[in-house]
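Morning, everyone. Please have the sequence and the model up on your screens.

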Amino acid sequence: MMDMSFDKSCVGVDEDDAPDIDIYHCPNCEKTHGKSTLKKKKNWSKHDTGQSTDIKAVQNGSQVFIKELRSRTFPSAEDVVVKLSGSQLTMDYLEENGFNEPILVQKKDGLGMSMPAPTFYISDVENYVGPDVGVDVVDVTKQTDSKMKLKEFVDYYYSTNRKKVLNVINLEFSDTRMNSIVESPQIVRRLSWVENYWPDDALLGKPKVTKYCLICVKDSYTDFHIECGGASVWYHILKGEKIFFLIKPTSANLSLYERWRSSSNHSEMFFADQVDKCYKCTLKQGQTLFIPSGWINAILTPVDCLAFSGHFVHNLSVEMQM
């Protein structure tokens with residue numbers, strides 16, 4: 001067993017890469033014995049008979065997985081996503097039609113939403129939020145979390161040779177200077193229990209979930225999930241695009257989801273394979289998507305992307321939120 005407390009400058013191995021090494025030769029021994037060998041890469045096989053020992057299911061988010069995901073076809077979200085203009089998305093509309101299907105708005109006009117200019121970019125986020133703010137960073141290939149200062153992530157983002165696929169999806173900025181230049185869609189503010197009814201002096205404080213900044217590099221992937229507390233969510237793409245994989249919250253799908261989430265190897269099973277329909281919805285620059293309570297969704301980022309989002313709970317989805 002290799003001692004993990006090695007000095008990486010001596011052995012020439014990054015700590016993160018160590019688990020992938022099968023047989024290790026130090027830089028001096030490499031001359032005689034050849035290079036270190038890596039463990040066999042996992043294969044994308046959903047129909048593994050279990051007889052072969054070295055073919056393992058692929059990790060969701062890995063490069064093999066992303067490549068396969070890009071090449072697969074899915075039913076188009078045209079069948080389930082409602083397209084509206086910003087001015088059509090009103091309280092009257094939702095009270096009459098409910099909010100049970102995703103809603104896509106092509107232009108932000110009429111949404112009563114404020115966004116920075118499209119020239120606003122990652123370095124501006126750093127300016128407005130602060131370089132020393134700690135952010136949660138997801139290593140997409142391994143689907144693990146770690147903490148970084150925003151300035152470290154920005155350096156990574158702008159570096160010419162990104163060694164990893166890192167993703168910031170939990171940067172809630174409502175108590176930073178960026179708060180004043182981003183305003184959620186008006187319909188969200190009208191519906192949101194937190195904005196309308198949560199007492200300012202509540203013992204547990206207001207939940208901080210209204211304004212997220214998402215900085216996702218090409219090939220970022222967030223696996224299937226349901227928003228915390230059955231919240232609904234809005235996304236607006238300032239730059240780039242995102243592909244959403246959407247699964248209806250039928251009782252059958254929800255119980256399949258529960259079973260999938262609680263299995264120890266869920267990160268090696270592609271959940272969409274277990275349900276009858278998973279819809280693919282591409283959200284492009286300048287567009288806004290509203291996802292209702294309970295919808296199971298995964299997100300692939302095909303190009304570098306800067307987006308904003310927020311969670312909200314409201315009267316139209318009480319049952320699902322419960």
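I'll go through one sheet, one helix and the nonpolar cores.

First, the ground rules. This is a predicted model, where local features need pLDDT of at least 70, side-chain atom pairs count only at pLDDT 80 or more, and totals for chains, interfaces and linings use all residues. Residues are numbered from 1 along each chain as its sequence is written, and side-chain values use heavy atoms, with hydrogens and water left out.

Start with the sheet. It is open, with four strands in the order 9-14-11-12, paired antiparallel. Strands here are DSSP runs of E, at least two residues; helices are runs of H or I, at least four; both are numbered from the N terminus. Pairing takes at least two DSSP bridges. Strand 9 (220-225) and strand 12 (279-284) are the edges, each pairing on one side only. From one strand to the next, the twist averages 20°.

Now look inside. Strands 11 (241-247) and 14 (296-301) share five bridges. Leucine 246 stands opposite asparagine 297.

What lies across strands 9, 11 and 14? Helix 9, residues 251-261, running at about 115° to strand 9. Angles run from 0 to 180 degrees between N-to-C directions, with axes fitted to C-alpha atoms, for helices over the stretch in contact. Contact means heavy atoms within 4.5 Å.

Next, the cores. A nonpolar core joins buried Ala, Val, Leu, Ile, Met, Phe, Trp, Tyr and Cys through side-chain atoms within 4.5 Å. Buried is under 20% relative accessible area, with a 1.4 Å probe and protein chains only. The largest core has 62 residues; Phe290 and Phe308 are among the five touching the most other members. Helix 6 (150-158) gives the largest share, five residues.

Note on methods. Buried means under 20% relative accessible area, exposed over 50%, partly exposed in between (1.4 Å probe, protein chains only).
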